[in-house]
Amino acid sequence: MYTQALNTPDREDRCVEDAARAAQFQARIDAEERIEPNDWMPSAYRKTLTRQISQHAHSEIVGMLPEGNWITRAPSLRRKAALLAKVQDECGHGLYLYAAAETLGASREELVDLMLAGKAKYSSIFNYPTLSWADIGTIGWLVDGAAIMNQIPLCRCSYGPYARAMIRVCKEESFHQRQGFEIMLTLCRGTEAQKAMAQDALDRWWWPVLMMFGPPDKLSQHSDASTRWKIKRFSNDELRQKFVDATVPQAQFLGLTIPDPGMKQNEAGNWVYSAIDWEEFNQVIAGNGPCNRDRLAARRKAHDEGAWVREAAQAYAEKRRQRTALQAAE
Ligand code: BYC
């Protein structure tokens, strides 16, 4: 959707990096100006944005799988309609994000191929299974809740197409978070068995959700540059803390127990959580989580089965191109 704005002839020119241009670029960032696709940018800025936006797009698309798994088993027509709409929204988010990544010069095909080959990352959280209906409530409440915490600051990201895509994404994530919380509230006000199902889901998702924010600041290799470029407005640990502080009162309202008995509130009012198992996170992002293989296998199958749609769309585009060329020649 943004690619029409790309002005390719000066591309080589844009790659010529010199100190003066880099200083000018940083001054624009410092002045809170938005960087647009045709503006000069350092190649490292382009590279890190392509990496982050494409990983984000892959997360939205792979993220459809754990919830899509429950569409046919949702407990009522109303729940089914809401879940179906949510999963479709995630697909839309993936499409805006691939379009935003394309404005940086990467093609969507190339980015998707990297994901299907297992060479590009997507959020660790989608490598965990959805075992019960309460997992769908927990994903909306916590996974979308974490996503909003991370994505609201991205609406002020220095790169225009990414920042603008985030505005709509955040509005939709907010609906997702509420539908998840409402599922949890219904279960927690239901029978003992329903409440136990909600607690079990929280027990399994809590720590993986905290890992969504990325490694601790001292181990985050991209944070310094991304902060200087105002892609990141808060660090991984800062966002994780904001999320914990916002979520504890919600868990208390539901009457659920966060599976961290050592958690305490400090004098500043922040909830201090126990150590996160970063070895588990490293294993999941290395491809060894509980569902990594299933997720990639499902995406590859969908991609193969959709080949005819891509071919048909390409044939139609070619036909239109020829028709337009013929009309122009008349
Ligand atoms: N999972 O230097 P760091 C959603 C990687 S979708 C996997 O701190 P950065 C939803 C990181 O990529 C939500 N990998 O990186 C959808 C890097 O590896 P590479 C997705 C992770 O970029 C459907 C390395 O670890 N949200 O909400 O400065 C249904 C070092 O990390 C993770 C986004 O993508 C992880 N959790 O900060 C429901 C938001 N964390 O690339 C909901 C946009 C880190 O060098 N992304 N890594 O190989 C970001 O804000 C940032 O990229 C991150 C990481 C905060 C995630």
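Student: What makes the pair formed by the ligand and the side chain of K121 a polar contact?
Tutor: An oxygen atom of the ligand sits 2.4 Å from an N or O atom of that K121 side chain. A polar contact is a pair of N or O atoms within 3.5 Å (within protein, one must be able to donate a hydrogen and the other to accept it, and residues adjacent in sequence count only if both atoms are side-chain atoms). So the K121 pair qualifies.

Student: What kind of model is this?
Tutor: This is a predicted model, where local features need pLDDT of at least 70, side-chain atom pairs need pLDDT 80 or more, and totals for chains, interfaces and linings use all residues. Residues are numbered from 1 along each chain as its sequence is written, and side-chain values use heavy atoms, without hydrogens or water.

Student: Which atoms of S124 meet the ligand?
Tutor: A backbone N or O atom of S124 is 2.8 Å from a ligand nitrogen atom. The protein covers 92% of the 1,000 Å² of accessible area (Shrake-Rupley method, 1.4 Å probe) that the ligand has on its own.

Student: Why are N292 and L296 of helix 13 called buried?
Tutor: Buried means under 20% relative accessible area, exposed over 50%, partly exposed in between (1.4 Å probe, protein chains only). N292, R295, L296 and R299 are buried, so each is under 20%. These buried residues fall within an arc of 90° seen down the axis (taken from the directions from the axis to the C-beta atoms), so they line one face of helix 13.

Student: Which residues are on the other side of helix 13?
Tutor: R293, D294, K301 and D304, and they are exposed.

Technical notes: Helices (H or I, at least four residues) and strands (E, at least two) are DSSP runs, numbered from the N terminus.
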